[in-house]
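Colleague: Please pick one part of this model and take me through it slowly. I work at the bench, so plain words are welcome.

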Amino acid sequence: PLPEIETLPEDIQKYMNVCEEKLGFIPNVVKAFSLRPEKLRSFISKYNELMLSEETTLTRLEREMIAVVVSSYNHCVYCITSHSQAVREFSSDPVLADILVTNYSSAELTSRQRAMLDYAWNMTANVAETGEKERQSLIEEGFTPEEIFDINDVVAYFNYTNRMTHGLGIQPNENYFSMDRLD
């Protein structure tokens, strides 16, 4: 059972109203995290820092691609669905996200994107075996130390959110399924 919106702190209500205005709905993950308003505030802050900030030179598309590949490995239906929509939006390619979910290694990617996604997959699937050799492959593709930090930050965040959405049983909003698809 989730709290009624009108019982939530004013800042959380405002945030939900902004979601409703911008997206046309309140993401189910926001509703679920509202059970713990402080956790929701932290979740929003970290999400905004990682995915919306211009403090990084990673593109929004690159960050969303990482989110999809990590979520694909973790079989996280919520994050696959919501972040696939973002990949469709930022790439203007209604097919790319589905390929990333199914088998990212078969997608038509730049060598930079492939190195980044290989690294994200390895950090999710084989964290203990991911080390200097894998970081070196990012350096060879031109990633800066700051970008490597940011890649790791996005990978870690989505491993966390995947586990939270699994553990809480959060299902994706149906709206995501039809957004930015072929007409």
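**A close look at H4**

Modeller: Let's start where helix H4 stops: H4 is followed by His 75, which has a positive phi, near 55 degrees. Helices here are DSSP runs (H or I, at least four residues), numbered from the N terminus. Keep in mind that this is a predicted model, in which local features need pLDDT of at least 70 and side-chain atom pairs count only at pLDDT 80 or more, while totals for chains, interfaces and linings use all residues. Residues are numbered from 1 along each chain as its sequence is written, and side-chain values use heavy atoms, with hydrogens and water left out.

Back to His 75, which sits in the loop between H4 and H5. Most residues other than glycine have a negative phi. His 75 is not a glycine, yet its phi is positive. It is exposed, at 58% relative accessible area. For the burial words, buried means under 20% relative accessible area, exposed means over 50%, and partly exposed is in between (1.4 Å probe, protein chains only).

The next loop offers a similar case. Ser 92, in the loop between H5 and H6, has a positive phi of about 55 degrees although it is not a glycine. Ser 92 is exposed too, with a relative accessible area of 67%. Val 95 is also found in the loop between H5 and H6, and counts as partly exposed because its relative accessibility is 41%.

Now the helix itself. H4 has 14 residues, which at 1.5 Å a residue should span 20 Å, and its end C-alpha atoms are indeed 20 Å apart. The expected span is 1.5 Å times one less than the number of residues. What about burial? 12 of the 14 residues of H4 are buried, so the helix is largely enclosed by the rest of the structure. Among the buried ones are Leu 61, Met 65, Ile 66 and Val 70, and the charged-type names Glu 62, Arg 63 and Glu 64 are on that list as well. The cover over these buried residues includes helix H3 (37–52), helix H5 (77–91), H6, helix H7 (111–125) and helix H9 (145–168).

Take H6 out of that list. Two packed helices are described by the angle between their axes and the distance between the axes. H4 (residues 60–73) and H6 (residues 96–103) pack at about 35 degrees, with axes 8 Å apart. The axes are lines fitted to C-alpha atoms, for helices over the stretch in contact, and angles run from 0 to 180 degrees between N-to-C directions. The crossing is right-handed, meaning that the near helix is turned clockwise from the far one by less than a right angle (anticlockwise would be left-handed). On the H4 side, Met 65, Val 68, Val 69 and Ser 72 meet Ala 97, Leu 100 and Val 101 of H6. By type, the residues of this contact are six nonpolar, one polar and no charged. Nonpolar here covers Ala, Val, Leu, Ile, Met, Phe, Trp, Tyr, Cys and Pro; charged covers Asp, Glu, Lys and Arg; the others, Gly among them, are polar. Contact, by the way, means heavy atoms within 4.5 Å.

Next, H7. Its 15 residues reach 21 Å from first C-alpha to last, close to the 21 Å expected at 1.5 Å a residue. Its buried residues, including Ala 115, Leu 117 and Tyr 119, pack against H4, H6, helix H8 (132–140) and H9. One of the links to H4 is Gln 113 of H7: leaving aside its neighbours within four places in sequence, Gln 113 is in contact with Leu 61 and Met 65. Gln 113 is buried, with a relative accessible area of 15%. A polar atom of the Gln 113 side chain lies 2.9 Å from the backbone nitrogen of Thr 110.

Finally, look at Ser 71 in H4. It is buried, with a relative accessible area of 0%. Its side chain makes a polar contact with the side chain of Asn 162, at 3.0 Å. A polar contact is a pair of N or O atoms within 3.5 Å; within protein, one must be able to donate a hydrogen and the other to accept it, and residues adjacent in sequence count only if both atoms are side-chain atoms. Not counting residues up to four places away in sequence, Ser 71 touches Cys 76, Cys 79, Ile 80, Phe 158 and Asn 162.

How values were computed:
Helix = DSSP H or I, 4+ residues; strand = E, 2+ residues; numbered from the N terminus.
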